[in-house]
Amino acid sequence: MTKVSPSMLSCDFSRLGEELVRVKDAGADWAHLDVMDGAFVPNITFGAPVIKAMRKCSDIVFDAHLMIQDPIRYVDDFADAGCDCITVHCEAEGDIHGAISRIRERGRIPGISVNPETPFEKVEPFLGEVDLLLVMTVHPGFGGQSFIADCVPKIAMGREWAQRNNRKLEISVDGGVNAETGRLCVEAGATVLVAGSSLFKLDDMAPEIASWKTYRPDL
């Protein structure tokens, strides 16, 4: 069954706790937390203290996406804040292998993310060390962007790698995901759909989430 991870970047920040409860009650599997530092990407969102406060509101899986430089500096902070999955970027500065190792040492699920312009070959050396591959289908930094269809072959490459090396590897897709593009991603091999505006614009996102969970890969 396909997992759904609503991106809290699109929620009402003045009601973060309530929005988190809304997401879980709608049947979401994870809550996606976009952490931006203003350096790796031009925008700034929230950090570990806000996530720690959010953790008190729900026990849903926290899927943290660190769009930050030199992420090893903050792995412990996000683990202590209650993040379950911690994903770093292959394009970020610093010791990325070390960051992944530290995430696992802290008992969290390590992930690696790849940007639209980055070839699959750049992320492949990290795949044997992680449990999650996050394929960006928009340029990171801002919500509400349009889906970049040229990234779909990268999802298929990740699935092919997983079939050969680690069938339990989760392949998540983030950016411009809606009913149509989400189905396309799952057919290419995605197992987790991250979506912001297409879900949070709905008064009731539960039927949409339930529908997405029925998507099956075209294997």
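Which residues of β6 sit on one side, which on the other, and are they buried or exposed? Keep that in mind while you open the model, which is a predicted one.

**Stop 1: the whole sheet**

Switch to cartoon view and pick out the strands. Eight of them form an open sheet, and going across you pass β1, β8, β7, β6, β5, β4, β3 and β2 in that order, with parallel pairing. Now look at the two edges: β1 (3-6) and β2 (30-36) each have a single partner strand, so one side of each is left without a neighbour in the sheet. If you tilt the view, you can follow the twist, which averages 25° from one strand to the next.

**Stop 2: strand β6**

Select residues 132-136, which make up strand β6, and show their side chains. Here is the reply to the opening question: Leu-132, Leu-134 and Met-136 are on one side, Leu-133 and Val-135 are on the other, and all of them are buried. In a regular strand the side chains alternate between the two faces of the sheet.

Next, look at who sits beside β6. Strand β5 runs parallel to β6, and four bridges join the two. Click on Ser-113 and you'll find that its bridge partner in β6 is Leu-134. Leu-134 also stands opposite Ser-172 in β7. With β7, β6 again runs parallel, this time through five bridges. One pair to click on there is Leu-133 with its bridge partner in β7, Ile-171.

**Stop 3: strand β7 and the step to β8**

Move on to residues 170-174, strand β7, where five of the five residues are buried. Which residues point which way here? Glu-170, Ser-172 and Asp-174 point one way, while Ile-171 and Val-173 point the other way. Note that Glu-170 and Asp-174 are among the buried ones.

Add residues 192-195 for strand β8, which pairs with β7 in the parallel sense over three bridges. Val-173 stands opposite Leu-193 of β8. Now bring α7 into view: β7, α7 and β8 together make a right-handed β-α-β unit. Carry on past β8 to β1, and you have another parallel pairing, over four bridges. Select Pro-6 to see its bridge partner in β8, Ala-195.

**Stop 4: helices α6 and α7**

Select residues 152-165 for helix α6 and residues 179-188 for helix α7. Their axes come within 8 Å and cross at roughly 35°. Show side chains for Val-152, Ile-155, Ala-156 and Arg-159 on α6, and for Leu-184, Cys-185 and Ala-188 on α7, since these make the contact. What kinds of residues are they? Six are nonpolar, one is charged and none is polar.

**Stop 5: the nonpolar cores**

Hide the cartoon for a moment and look inside. In soluble globular proteins, nonpolar side chains tend to be buried together. The largest nonpolar core here has 67 residues, and the members touching the most others are Met-8, Ile-51, Ile-112 and Leu-133. Centre on Ile-51: beyond its sequence neighbours up to four places away, Ile-51 touches Leu-33, Val-35, Phe-46, Phe-62, Phe-78, Ala-81 and Cys-83. There is also a second, separate core of seven residues, including Cys-85, Leu-134, Val-138 and Val-192.

**Stop 6: three single residues**

Start with Asp-63, in strand β3. Is Asp-63 buried or exposed? It counts as buried, at 2% relative accessibility, because buried here means under 20%. Leaving aside neighbours within four places in sequence, Asp-63 is in contact with Ser-5, Trp-30, Ala-31, His-32, Leu-33, Cys-85 and Val-194. Try a distance, too: the C-alpha atoms of Asp-63 and Gly-111 are 9.6 Å apart, with their positions 48 residues apart along the chain.

Then go to Asp-70, in the loop between β3 (61-67) and α3 (75-81). Asp-70 isn't a glycine, yet its phi is positive, at about 45°. Asp-70 is partly exposed, with a relative accessible area of 26%.

Finish at Lys-213, in the segment after α9 (206-212). Lys-213 counts as buried at 17% relative accessibility. Apart from neighbours within four places in sequence, Lys-213 is in contact with Met-1, Thr-2, Val-4, Gly-27 and Asp-29.

Methods:
Residues are numbered from 1 along each chain as its sequence is written. This is a predicted model: local features need pLDDT of at least 70, side-chain atom pairs count only at pLDDT 80 or more; totals for chains, interfaces and linings use all residues. Side-chain values use heavy atoms; hydrogens and water are left out. Axes are lines fitted to C-alpha atoms, for helices over the stretch in contact, and angles run from 0 to 180 degrees between N-to-C directions. Contact means heavy atoms within 4.5 Å. Ala, Val, Leu, Ile, Met, Phe, Trp, Tyr, Cys and Pro count as nonpolar, Asp, Glu, Lys and Arg as charged, and the others, Gly among them, as polar. Buried means under 20% relative accessible area, exposed over 50%, partly exposed in between (1.4 Å probe, protein chains only). Two strands pair if DSSP finds at least two bridges between them. A crossover is right-handed if, with the strands pointing away from the viewer, the path from the first strand over the helix to the second runs clockwise. A nonpolar core is a set of buried Ala, Val, Leu, Ile, Met, Phe, Trp, Tyr and Cys residues joined through side-chain atoms within 4.5 Å.
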